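Q: Please take a close look at the interior of this protein and describe how its packing is arranged. A connected account, residue by residue where that helps, would be welcome.

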Amino acid sequence: MTERRAELAANLAAVRDRIAAAARAAGRAPEEILLVAVSKTFPADDVVVLLELGVREFGENRDQEAAAKAGAVAAQLAGRPGPRWHFVGQVQRKKAASVASYADVVHSVDRAALADALGRGAQARAAALDVLVQVSLDPAAGPTQRAGVAPDQALELAEHVLTVPGLRLAGVMGLAPREGDPAAAFTGLARIAERLRALSPQAGVVSAGMSGDLEAAIAHGSTLVRVGTALFGGRAIRSEHGLQGPSGR
Ligand SMILES: *Cc1c(COP(=O)(O)O)cnc(C)c1O
């Protein structure tokens, strides 16, 4: 076993333990929570290793990197079953067709025009695309506000998604604010998720929780955690032109 493979295997075991412990603490079954490995900035080789270790779901947040990695992974697998790709970053409308060409799930639908563009992309690919409505959980307006539709507009956007050919409404996604108690944010998301399920019973995914806050998210109803750092290690700082140090590798 290479050193990197051993590192990824150990990190995966630790993340699975954290998910299981958080689920049990909340009186939930660990199998209720899907792990999405957020592989942004990490190479296709790491994705292939984690696939061999049993991870099926991978997340990316930049179209160019994601498209190249999906292609590189498929080439390495040479016909073996590949990952389900989750797009978790903000999508520019002009990138929607590209994202819909390889993504199986888009977590970041925050406006009707983007839903329409993704729907056209999904129809061109002739495959239904699962989408989540991203809800802004940051009560502070202004530059610190994270992406997402305002909570009081989430249901209206979900109703729109239900009318778009090519899309399947799968649930909601939220990012806790950088400051403050994530529990309040995740509780708010859970309330919206409940109303969404009343609107569309299949839309049960609650995408919440990352390396630093997955316990709080699972305690408040998350069904899907998006984990990068705790699996892959620290990321290099990105520049507009690619990656810059300092990096662990
Ligand atoms: C990068 C990213 C993650 C993973 O974050 P970590 O803190 O590294 O686990 C989760 N969700 C989104 C939307 C991301 O962009």
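A: In this predicted model, valine 135 is a suitable place to begin: beyond the residues up to four places away in sequence, valine 135 touches Ala147, Gly148, Val149, Pro151, Ala154, Val172, Met173, Gly174, Leu189 and Ile192. Valine 135 is also listed, with Val106, Leu118 and Val133, among the residues that have the most contacts inside the largest nonpolar core, a set of 69 residues. Another core, of five residues, lies apart from this one; Leu132, Ala170, Met173 and Leu175 are among its members.

Strand β6, which spans residues 167-175, contains glycine 171. Glycine 171 has a relative accessible area of 0% and is therefore buried. Neighbours within four places in sequence aside, the contacts of glycine 171 are Val131, Leu132, Val133, Leu196, Ala203 and Val205. By contrast with these contacts, alanine 74 is remote from glycine 171: 97 residues separate the two along the chain, and their C-alpha atoms are 27 Å apart.

Strand β7 (residues 205-207) includes serine 207. Serine 207 counts as buried because its relative accessibility is 0%. Its side chain is joined to that of histidine 107 by a polar contact of 3.0 Å. Not counting residues within four places in sequence, serine 207 is in contact with His107, Leu132, Val172, Met173, Gly174, Leu189, Leu224 and Arg226.

A further buried position is found on a helix. Tyrosine 102 belongs to helix α4, residues 96-102, and it counts as buried because its relative accessibility is 10%, the limit for burial being under 20%. Outside the four places on either side in sequence, tyrosine 102 contacts Asp63, Ala66, Ala67, Ala70, Trp85, Phe87 and Arg125. With aspartate 63 there is a side-chain to side-chain polar contact of 2.8 Å. Leucine 129 is 27 residues from tyrosine 102 along the chain, and the C-alpha atoms of the two are 9.8 Å apart.

Helix α2, residues 44-52, is mostly covered, with seven of its nine residues buried. The buried residues are Ala44, Asp46, Val47, Val48, Val49, Leu50 and Leu51. Their cover includes the helices α1 (3-25), α3 (63-77) and α9 (229-232), together with the strands β1 (34-38), β2 (57-60) and β3 (84-87). Just after α2, glycine 54 adopts a positive phi of about 105 degrees.

The ligand completes the account. Around it are Val38, Lys40, Asn61, Val88, Leu175, Met210, Ser211, Arg226, Val227, Gly228, Thr229 and Arg235. By class, this shell consists of five nonpolar, four polar and three charged residues. Arg226 of this shell is also among the contacts of serine 207, and Leu175, likewise in the shell, is a member of the five-residue core. Three side chains place an N or O atom close to ligand oxygen: lysine 40 at 2.7 Å, serine 211 at 2.5 Å and arginine 235 at 2.8 Å. The ligand alone exposes 380 Å², of which the protein buries 89%.

Definitions and conventions: Residues are numbered from 1 along each chain as its sequence is written. This is a predicted model: local features need pLDDT of at least 70, side-chain atom pairs count only at pLDDT 80 or more; totals for chains, interfaces and linings use all residues. Side-chain values use heavy atoms; hydrogens and water are left out. A residue is near a molecule or strand if one of its heavy atoms lies within 4 Å of it. A polar contact is a pair of N or O atoms within 3.5 Å; within protein, one must be able to donate a hydrogen and the other to accept it, and residues adjacent in sequence count only if both atoms are side-chain atoms. Accessible areas come from the Shrake-Rupley method with a 1.4 Å probe; for residues, only the protein chains shown count as cover. Ala, Val, Leu, Ile, Met, Phe, Trp, Tyr, Cys and Pro count as nonpolar, Asp, Glu, Lys and Arg as charged, and the others, Gly among them, as polar. A nonpolar core is a set of buried Ala, Val, Leu, Ile, Met, Phe, Trp, Tyr and Cys residues joined through side-chain atoms within 4.5 Å. Buried means under 20% relative accessible area, exposed over 50%, partly exposed in between (1.4 Å probe, protein chains only). Contact means heavy atoms within 4.5 Å. Helices (H or I, at least four residues) and strands (E, at least two) are DSSP runs, numbered from the N terminus.
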